[in-house]
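Here is a short briefing on one chain. Please read the points below with the model open.

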Amino acid sequence: ENNENNNKNTTKRFLVVNYHRQESDYDGFGLHVWGDVPKPTDWNEPLFPVNASLPQFETYKVELEGTSSKIVSVLLHKGEEQDVRAESMKVPSGEEDVEIFLVSGYQEIWQEKPDLEKLPKGDVNCHRAILLDKRLVALPRDFNGVKEEGRGGGGKEEEEEE
């Protein structure tokens, strides 16, 4: 019975971080980790991906200690170029690995693999509007309306300037 208790205390579990970049440009990117982890990374020595068979994603494994809940932060970066981050995530208690998905250009943390084809294209934080589908446009919160001069003009003034 004593051996069983010792085995439970040394159970290794992982936070599995799956990371997607458009164009699959992963060269030089690593995972910076801090918080309730036994081995926080040094900025200049991030974790590198493990061999995994998940198409369109690079996979990183962050060792967790014990089965209690944790607060963990991760940041994917290439030198000083920072990409996607997930700060102060609550990793639930348990003995199972916890898997998340991060996608470059998005702030969301997915618990299940997102459908990459259905995600809006472009960086929502940089653009004034993004076309989500044929009839739906995402606008920033500070957008205050459209001035409707020349309704139906469709840019005729520009064409006539030639």
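I71 stands opposite K90 in β5. That pair belongs to the antiparallel match of β4 with β5, which is joined by seven bridges. The model is a predicted one, and the points below start from this strand pair.

**The β2-β4-β5 sheet**

- β4 and β5 form a hairpin, with two residues between the strands.
- G79 lies in the turn of this hairpin and has a positive phi of about 60°.
- The hairpin strands belong to an open sheet of three strands in the order β2-β4-β5. Pairing in this sheet is antiparallel.
- β2 (30-35) and β5 (81-91) are the edge strands, and each pairs on one side only.
- Neighbouring strands here are turned by 20° against each other on average, direction ignored.
- β4 covers residues 70-78 and runs antiparallel to β2, with six bridges joining the two.
- Across β2 and β4, L31 stands opposite L76.
- As a general point, strands of a sheet pair through backbone hydrogen bonds, either parallel or antiparallel.

**The β3-β1-β6 sheet**

- Another open sheet of three strands has the order β3-β1-β6, and its pairing is mixed.
- β3 (58-65) and β6 (98-103) stand at the edges. Each has a single partner strand, so one side of each is left without a neighbour in the sheet.
- In this sheet, too, the average turn between neighbouring strands is 20°, direction ignored.
- β1 takes in residues 12-20 and pairs with β3 in the antiparallel sense, over eight bridges.
- R13 has L64 in β3 as its bridge partner.

**Aromatic rings and a charge**

- The model holds four aromatic pairs.
- One of them is Y19 with Y26. This pair is edge-to-face, at 5.8 Å centre to centre and with 70° between the planes.
- How accessible are the two residues of this pair? Y19 is buried, because its relative accessible area is 0% and the cut-off for buried is under 20%. Y26 has 12% relative accessibility, so Y26 counts as buried by that cut-off as well.
- Y106 and W110 also form an edge-to-face pair. Their ring centres are 6.2 Å apart, and the planes meet at 65°.
- Both Y106 and W110 are buried.
- Y19 and Y26 join F29 in one aromatic cluster.
- A charge also meets a ring: the charged end of K61 sits over the ring of F14, 4.7 Å from its centre.

**Positive phi outside glycine**

- Most residues other than glycine have a negative phi.
- Which value does phi take at S24? The angle is positive, at about 50°, although S24 is not a glycine.
- S24 has its place in the loop between β1 and β2.
- The relative accessible area of S24 is 47%, so S24 counts as partly exposed.
- S88 also has a positive phi, near 50°, and is a residue other than glycine.
- Where is S88 found? This residue is in strand β5, an edge strand of the β2-β4-β5 sheet.
- Is S88 buried or exposed? S88 is exposed, because its relative accessible area is 52% and the cut-off for exposed is over 50%.

**The whole chain**

- The chain contains two helices and eight strands.
- Along the sequence, these elements follow the pattern α-β-β-β-β-β-β-β-β-α.
- The chain has 162 residues, and 28% of them count as buried.
- Among contacts with a separation of 6 or more, 55% link residues 24 or more positions apart.
- The accessible surface of the chain comes to about 11,800 Å². Carbon and sulfur atoms account for 44% of that surface.

How values were computed. Residues numbered from 1 in each chain as written. Predicted model: local features only at pLDDT ≥ 70, side-chain atom pairs only at ≥ 80, totals over all residues. Heavy atoms only, no water. Pairing = 2+ DSSP bridges. Helix = DSSP H or I, 4+ residues; strand = E, 2+ residues; numbered from the N terminus. Axes fitted to C-alpha atoms, helices over the stretch in contact; angles between N-to-C directions. Phe/Tyr/Trp six-rings, centres within 6.5 Å; stacked < 30°, edge-to-face > 60°. Buried < 20%, exposed > 50% of the residue type's maximum accessible area, 1.4 Å probe, protein only. Lys NZ or Arg CZ within 6 Å of the ring centre and 35° of its normal. Contact = heavy atoms within 4.5 Å. Areas by Shrake-Rupley, 256 points an atom, 1.4 Å probe, with all protein chains shown as cover.
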